[in-house]
Structures are given as C-alpha cells and as structure tokens.
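Here is a friendly walk through a protein model for someone meeting it for the first time. Have a look at the sequence and the structure, and then read on.

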Amino acid sequence: MYKKKGDIAVWQKSPDNNCYNKLPRDTYPPKCDDSLEPDSAWYTPLRDCMVVPDPKFKKSGLSSISKWPERLHVTPERISMVYHGSDSTFKHDDSEWKKKVAYYKKLIPDLGTDKIRNVMDMNTLYGGFAAALIDDPVWVMNVVSSYASNSLPVVFDRGLIGTIHDWCEAFSTYPRTYDLLHLDGLFTAESHRCEMKNVLLEMDRILRPWGYAIFRESNYFTNAIETLGKGMRWECRKENTETGSDTQKVLVCQKKLWYSSNQGSR
C-alpha cells in the first residue's frame with residue numbers, strides 16, 4: 001500500500017520479485033506457471049493467477065525506465081522479445097519513420113495540423129510512425145497484428161498506446177472514428193488470410209468522411225486497392241515512396257461524403 005486516506009487506497013506494484021518469492025504454496029491466487037505466454041491476449045482466456053515479472057528485465061520499472069519524452073527514442077529492454085529485435089533495428093526503424101512521416105506531410109498537408117487528430121497505425125512494429133508524429137497535435141492508436149510477432153511491449157515501453165488485433169475481424173472503435181488510417185505492408189503480409197475488400201470496407205466504416213488512408217504496399221496491392229477504393233467512392237492517387245522504390249508505392253486515399261441516389265450524391 002502506497003497511501004491511504006479515508007476509504008481511498010493507492011497501491012504500488014513491487015519493483016522486484018521478492019514479494020512473489022515469499023508467497024506460500026497455498027496462496028490464492030497462485031503464481032502463474034510457464035505454460036502460456038504471459039503477454040498473450042488474442043483469444044486467450046483470463047487466468048486466475050499472478051504473472052511474475054521476468055527477472056531478466058531489470059529496467060522496466062518506472063524508477064528505471066527513461067523519463068518522458070526521452071523514453072520515446074531509447075531502445076526498450078523488452079525489444080529482445082521481438083523476432084529479430086535489437087538496438088540497431090530499433091534505431092534504424094526510428095530514423096526511417098522520421099523520413100517517411102516528413103514525406104507524408106508533403107503528400108497530405110493537413111497532417112501535422114489541427115485538421116487531423118485521431119490517427120491509427122494499423123500494423124505497427126515498434127510504434128515508429130506514432131513516435132515521428134509526437135510533436136504534432138495528434139492521438140495515435142498503434143495496432144499490432146495478432147498474426148505478427150508481438151511487439152506491443154516495445155510500444156508500451158516507449159510510452160505509446162496500442163492494442164492487438166486481427167484485421168480479418170471487425171475492430172471495436174466505439175466511441176471514436178478516425179481522421180487518418182495508415183498501414184505498411186499489411187496486405188502483402190496477410191492478404192492470404194482474408195479478402196482485401198472486407199478489410200477495406202472495415203476501414204471505410206471507421207474512417208471519418210473526408211478522412212485519409214495511407215497505404216504503403218507493393219505495386220500489385222496498390223493497384224488493387226485503388227480499384228476497390230473507387231467502388232467505395234474514395235479518391236485515390238498513387239505516389240512514389242520517399243526513396244523512389246521500384247517495388248513499392250504509396251497510395252493516398254480520401255473518403256468522400258456522399259448520399260444515396262434518391263437524395264442526390266456528391
């Protein structure tokens with residue numbers, strides 16, 4: 001117990017595992033065993049046990065982690081949990097997203113202004129897109145694919161927010177709609193799992209009229225998305241990447257406000 005006043009109590013989590021080690025065997029709830037990944041969250045039932053922090057991570061406590069906003073660009077200790085995660089890959093990712101976001105702002109002048117507030121990165125790795133927007137008046141929801149390596153601990157350790165989701169299913173957005181949706185290689189990685197049109201229709205549902213969608217994909221998928229986008233009455237334009245890649249393009253789409261034919265459309 002950290003502090004108590006009247007009927008209000010504040011509790012603070014222990015900085016180490018000593019308290020867990022002192023628990024008798026018949027304590028309820030017991031300590032969790034190692035049969036399940038403690039950070040597993042997608043279709044994982046709740047367990048009535050306590051997860052003991054991994055002792056190899058010494059700098060994950062609030063007293064040890066870098067202060068905000070420095071922690072945004074410091075390699076989190078838990079990056080070792082991510083497949084191929086390392087200090088060098090993190091630093092490279094952080095640097096690359098600064099360049100990409102600067103380029104996005106040239107393609108969409110509203111990005112970085114008060115016209116775009118609610119933003120979602122639909123398949124983030126380390127939260128680099130959100131980190132590059134930290135000085136702008138935006139709120140970014142980082143979504144880690146349930147099909148990919150779980151990098152959500154890295155997102156959280158940077159001081160960002162996020163969640164895990166399978167884009168073959170609907171996304172719970174209540175009560176918020178989004179001004180800008182961003183995805184990088186989502187269809188390239190996961191189009192074999194569900195139909196692209198269904199994902200695009202879900203994006204259309206959660207995107208505000210006049211909102212934007214940025215797709216960073218191969219030529220094949222940007223062409224397919226552009227065709228399907230016309231069917232949803234999106235206006236799309238294909239752009240080169242900031243490096244002028246021959247194999248990848250950036251597709252910028254804007255959702256329009258339109259009405260059924262009996263009311264006239266626009």
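Isoleucine 214 is buried, with a relative accessible area of 1%. Buried here stands for under 20% relative accessible area, exposed for over 50%, and partly exposed for values in between (1.4 Å probe, protein chains only). Isoleucine 214 sits in strand β7, residues 207-218. Its C-alpha lies 21 Å from that of arginine 193, and the two are 21 residues apart in sequence.

Please keep in mind that this is a predicted model, in which local features need pLDDT of at least 70, side-chain atom pairs count only at pLDDT 80 or more, and totals for chains, interfaces and linings use all residues. Residues are numbered from 1 along each chain as its sequence is written, and side-chain values use heavy atoms, with hydrogens and water left out.

**The chain as a whole**

The chain has 266 residues, of which 39% are buried. It holds 7 helices and 9 strands; helices (H or I, at least four residues) and strands (E, at least two) are DSSP runs, numbered from the N terminus. The C-alpha trace spans about 70 × 45 × 40 Å along its principal axes.

How confident is the predictor? The average pLDDT of the chain is 92, and 98% of the residues score at least 70; pLDDT is the predictor's confidence in each residue, from 0 to 100. Among the elements, helix α3 (residues 128-132) has the highest mean pLDDT, 98, and helix α1 (residues 18-21) the lowest, 85.

**Helix α7**

Helix α7 covers residues 219-231, which makes 13 residues, and stretches 19 Å from its first C-alpha to its last, close to the 18 Å expected at 1.5 Å a residue. That expected span is 1.5 Å times one less than the number of residues. Which residues of α7 are buried? They are Phe221, Thr222, Ile225, Glu226 and Gly229. These buried residues lie on the same side of α7 because they cover an arc of only 140 degrees around the axis, the arc being that of the directions from the helix axis to the C-beta atoms. An α-helix has 3.6 residues a turn, so residues three or four places apart point the same way. On the face turned away from the buried side of α7 are the exposed residues Tyr220, Thr227, Lys230 and Gly231.

**Unusual backbone spots**

Most residues other than glycine have a negative phi, and most peptide bonds are trans. The table lists some places that depart from this.

| Place | Feature | Value |
|---|---|---|
| Tyrosine 28 to proline 29 | cis peptide bond | omega near -5 degrees |
| Tryptophan 68 to proline 69 | cis peptide bond | omega about 5 degrees |
| Histidine 84 | positive phi | near 65 degrees |
| Arginine 233 | positive phi | near 65 degrees |

Proline 29 is found in the loop between α1 and α2 (87-107). Proline 69 is in the loop between α1 and α2, and histidine 84 lies in that loop too. Histidine 84 is exposed, at 61% relative accessible area. Arginine 233 belongs to the loop between α7 and β8 (234-240) and is partly exposed at 41% relative accessibility.

Valine 74 is another resident of the loop between α1 and α2, and is partly exposed with a relative accessible area of 37%. Valine 74 and aspartate 87 are 13 residues apart in sequence, with their C-alpha atoms 8.9 Å apart in space.

**Open and enclosed space**

On a 1 Å grid over the protein atoms alone, a cavity is a set of points where a 1.4 Å probe fits but cannot get out, while a pocket is an open set with protein on both sides within 12 Å along at least five of seven lines; lining residues have an atom within 4 Å of a point. Grid points are joined across faces, edges and corners, and a volume is the space filled by probe spheres set on the points.

The largest pocket has a volume of about 1,200 Å³. It is lined by 34 residues, and the closest to its centre are Lys13, Val52, Pro53, Asp54 and Ser60.

The structure holds 1 cavity of 30 Å³ or more, and the largest cavity encloses about 60 Å³. Its lining includes Trp167, Cys168 and Val199. Helix α5 gives the most to this lining, with 3 residues.
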